[in-house]
Amino acid sequence: MDCESIRKIIAAYINHTALDNEIQQVEEHLCICQDCREYLSHFIDKKEEEKLLPSLKSQKSIPKSGWDIVTYVIIYLGIILTLVIVFLFIFKK
Ligand SMILES: [Zn+2]
């Protein structure tokens with residue numbers, strides 16, 4: 001079977017709608033054809049990307065909360081510094 005026919009079946013193969021003999025043909029072809037293996041992995045990557053997209057979108061809120069943590073740390077350090085300066089001032093007296 002040539003690559004073009006195999007690639008038509010690969011779509012069905014990925015969606016688990018391929019027939020048993022088609023699966024066998026695809027798998028046999030993938031063993032001997034690097035190009036079609038790459039084609040399949042590219043196909044799967046794209047599908048996974050689509051699946052991951054919603055979680056990637058929700059991850060965009062992380063830098064915001066990360067920034068909040070930085071702000072809290074700066075404020076916390078500022079308070080400690082102020083206390084140290086006040087203590088030093090009292091100690092000098
Ligand atoms: Zn091929």
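1. Let's start with the secondary structure of this predicted model: the chain has 4 helices and 0 strands. Following the sequence from one end to the other, you will meet the pattern α-α-α-α.

2. A word on the chain as a whole. It has 93 residues, and 5% of them count as buried. If you take the contacts between residues at least 6 apart in sequence, 44% join residues at least 24 apart.

3. Helix α1 is a good place to begin a closer look. It covers residues 3-14, which makes 12 residues. Does its length match or miss what you would expect? At 1.5 Å a residue the helix should span 16 Å, and its end C-alpha atoms are indeed 16 Å apart, so the two values agree.

4. Which residues of α1 are buried? They are I6, I10 and Y13. These residues cover an arc of only 65° around the axis, and therefore they sit on the same side of α1. Turn to the face directed away from that buried side and you will find E4, K8 and A11, which are exposed.

5. Next, please look at H16, just after α1. This residue lies in the loop between α1 and α2, the latter being residues 20-32. What is the phi of H16? The angle is near 60°, a positive value in a residue other than glycine. As background, most residues other than glycine have a negative phi.

6. Is H16 buried or exposed? Residues with 12 or fewer C-beta neighbours within 10 Å count as exposed. H16 has 7 of them inside 10 Å, so it counts as exposed.

7. Now for the way α1 meets α2. In general, two packed helices are described by the angle between their axes and the distance between the axes. Here the axes of α1 and α2 come within 10 Å and cross at roughly 120°. The crossing of α1 past α2 is left-handed.

8. Which residues make this contact? From α1 come I6, I9, I10, A12 and Y13, while α2 brings E22, I23, Q25, V26 and H29. Sorted by class, the contact between α1 and α2 consists of 7 nonpolar, 2 polar and 1 charged residues.

9. Finally, it helps to put points 4 and 8 side by side as you view the model. I6, I10 and Y13 are buried in α1, and these residues are also among those that α1 brings to its contact with α2.

Terms used:
Residues are numbered from 1 along each chain as its sequence is written. This is a predicted model: local features need pLDDT of at least 70, side-chain atom pairs count only at pLDDT 80 or more; totals for chains, interfaces and linings use all residues. Helices (H or I, at least four residues) and strands (E, at least two) are DSSP runs, numbered from the N terminus. A residue is buried if 20 or more other C-beta atoms lie within 10 Å of its own, exposed if 12 or fewer, and partly exposed in between; C-beta atoms are placed from the backbone. Two residues are in contact if their C-beta atoms, placed from the backbone, lie within 7 Å. The expected span of a helix is 1.5 Å times one less than its number of residues. The arc is that of the directions from the helix axis to the C-beta atoms. Axes are lines fitted to C-alpha atoms, for helices over the stretch in contact, and angles run from 0 to 180 degrees between N-to-C directions. A crossing is left-handed if the near helix is turned anticlockwise from the far one by less than a right angle, and right-handed if clockwise. Ala, Val, Leu, Ile, Met, Phe, Trp, Tyr, Cys and Pro count as nonpolar, Asp, Glu, Lys and Arg as charged, and the others, Gly among them, as polar.
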